[in-house]
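Q: Got a minute to walk through this one with me? Let's pull it up.

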Amino acid sequence: MNFFVRSFSRSVIIVLMTLKGFGANAQSTVIPIETKNNAIVLRVGDDKRLSMVYFGGKLANNTEYAAVPKVTKQDKYDNVYNSAYTTSGTHNLLEPAIEVTHADGNKSLELQYVDHTVTKINDDVSLLSIRLKDSLYNFEVTLNYQTYYNENVTEQWSVITHHEKKDVVLNKYASANLYIQADSYWLNHYHGEWAQEMRAEEEQLNHGIKTLDSKLGSRADIFQPPVFMVSLNKPAGEDEGLVLYGNLEWSGNFRIDLEVDPTNNLRLIAGMNNYAANYTLKAGVAFETPKFVYTLSDKGKGEASRNLQSWARKYKVLDGQGPRLTLLNNWESTYFDFNNDKLSALLKDTKDLGVDLFLLDDGWFGNKYPRNGDHAGLGDWEVNKAKLPLGIPFLTKTAKQNGVKFGIWVEPEMVNPKSELYEKHPDWVVKQPNRPEFYMRNQLVLDLSNPAVQNFVFGVVDKLFVENPELAYIKWDCNALMYNAYSPYQKNQGNFYTDYVRGLYSVLDRLRAKYPKVPMMLCSGGGGRVDYGALKYFTEFWPSDNTEPIERVFIQWEYSYFYPALTSSNHVTDWGKQPIKFRTDVAMMGKLGFDIVVSKLKPEELAYCQGALKTYKEFSEAIWHGEQYRLQDPKTNDVASIMYVDSAKNNAIMFNYLVNQRYQAGSHLPIRMKGLQEDKMYEVSEVNMMPGHNSSFATATYSGKFLMTVGLNPDARSGRNSVLIAVRGK
């Protein structure tokens, strides 16, 4: 067998392969997978092995994929490197995508092509399913590739089944196995902690394996999220370069292996983490892996992110093409110290401010163990009678009288040891028997792999809706990691990590079946659970508990590469020393909310916030559903600049933030806009100014070509540390 790999251009990744006897009449099946601009091509060889032979720009017609020139290079390791789903225990010696232990104890697997089907879901979406089967064992894997043609996005996952006489153990079970060739590979990935989410790092990948993973169980993304970029040949820029974005749709432990193999090719394997998770699979049961979503762009990071954002709004995020509610949260106003009178006053503040909804945060529940701090009460979801003797119905009624909606915080997956729930059901708690308990935020995780716990968690939220039909919003939190992971319910502890997440999804499926439209925020002590596996149930997520606005510029910026703006809940708080204008302007970069003491605002500050909400409403279509363009990166510029353009390219808004406080830092040169119509005229003017302040930025009318070629200087500097420019089509 002969094998050759070559990159013909920066915009195309080619993997060429010649088989023994391959020619015009060879028995070979070529399977193209195309989007608007890109293609993956799989090929079945004479030996029935499925290989990935092409990944890059779409060619003129399908016949050209089979006609790739057969330049040969002897491959002494046989056809192992470019497998479409690499197995373990036979001829492969590199990192596998799947590893199993059969019922008889044998650990070998060799998958051969059986057949494939293509299902046209609609004009944009197609599903290719390829069935593979072991030559000796009654063991099958179906590889699924769901393409979104116009968005240039692919979701990939596998379904594993067997009909062996006894249980089979899955030792590794990836969702996707990609094979890429380029001159060099540059990985951009992220790390973090509480209040330090999405810290970016870029490095060149060299020979060996780089693994991105989580072993945290719950709140799995807090140290490292399941998102990354790989630039090919050189680090990609915002508007140029070849770059692949990847994101695993899974709310638990994940593992992403990036292996530069001995022949300088990149093998990318992504899926659930098999750490402490040898999954016992019964005969006839389908094991479906989570979806791995990716997009390839030859026009840099900006296009890749817009691909994902458009796909997410249309197909993944709950109500991604709908509106979002602005809100006032009580957390930083009251923390756990509130009562009916305080909340009634805050509901009036909500109306005066001009937002849509009031959100009651932690502390409203628990009686035997009142929730007056984070050490007790979690799990006891009855209303605290001392704080709220009139109950939640009084608050929803008061909200309605003030012309606003009412929402509430829950953390139903967790329990305090000091709670009635813990006393009644210690068997529902994730903890190792006979070992000391270890707490995070004074709490433990409930075992959602247990159906009884699933029923309880569903009942917590369902009861709130049943007793309060006008409840309009849920903030769903998850603050603890999974220490001492052990399930009293599971017979096979290797199934626990997987079945916990499946249990969570089962609860959310039930809630969305009964309450399909109610907005819900996905919170996890910040960004501990931000992924598309969860976001199909939620309208938005909480990026970080760190709401200091300069920090938030960087955090929100990095999230924007992978998630649309309407999913990012950004609240104005009292963190830091920045003025209310800067804090609000930064929060407007996504889904706007407030967590401040409105009654303590000065009259001009309140007037500013009310005016900012009107500006936000005017440009919400561009922010929520338009195209996002990053103009100046905060990591390399004094001023960060980002722009949102509505789908008609008629209106846009440009956010400019001074992120460097050193002497004379600012925007000294024009910043070029993006995404406008060249031949259209636009009026540009500054908005969101404090009452009584005049702008140094002159209102004027320019062509889209001028704004994108020459640009404008927003005059962001000390004293003008946030400048918002409205771009209105004439």
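Q: Which way does helix 7 pass helix 8, in a left-handed or a right-handed crossing?
A: Right-handed; that is, the near helix is turned clockwise from the far one by less than a right angle, and anticlockwise would be left-handed. Helices here are DSSP runs of H or I with at least four residues, strands are E runs of at least two, and both are numbered from the N terminus. It's a predicted model, where local features need pLDDT of at least 70, side-chain atom pairs count only at pLDDT 80 or more, and totals for chains, interfaces and linings use all residues. Residues are numbered from 1 along each chain as its sequence is written, and side-chain values use heavy atoms, leaving out hydrogens and water.

Q: At what angle do the axes of helix 7 and helix 8 cross?
A: Roughly 25°, and the axes of helix 7 (residues 451-467) and helix 8 (residues 496-514) come within 9 Å. Axes are lines fitted to C-alpha atoms, for helices over the stretch in contact, with angles from 0 to 180 degrees between N-to-C directions. The two helices are therefore roughly parallel to each other, a label for angles under 35 degrees.

Q: Which residues make the contact?
A: Among them are Phe-458 and Val-461 of helix 7, plus Val-507 and Leu-511 of helix 8. Contact means heavy atoms within 4.5 Å.

Q: Switching topic: what's the strand order in the open sheet?
A: 29-28-27-24-23-22-31-30, eight strands with parallel pairing. Strands pair if DSSP finds at least two bridges between them. Strand 29 (540-541) and strand 30 (569-572) are the edges, each pairing on one side only.

Q: What packs on the sheet, touching strand 22?
A: Helix 4 (residues 340-353), which also touches strand 23 and strand 31 (591-594).

How values were computed:
Parallel < 35°, antiparallel > 145°, perpendicular 65-115°, else oblique.
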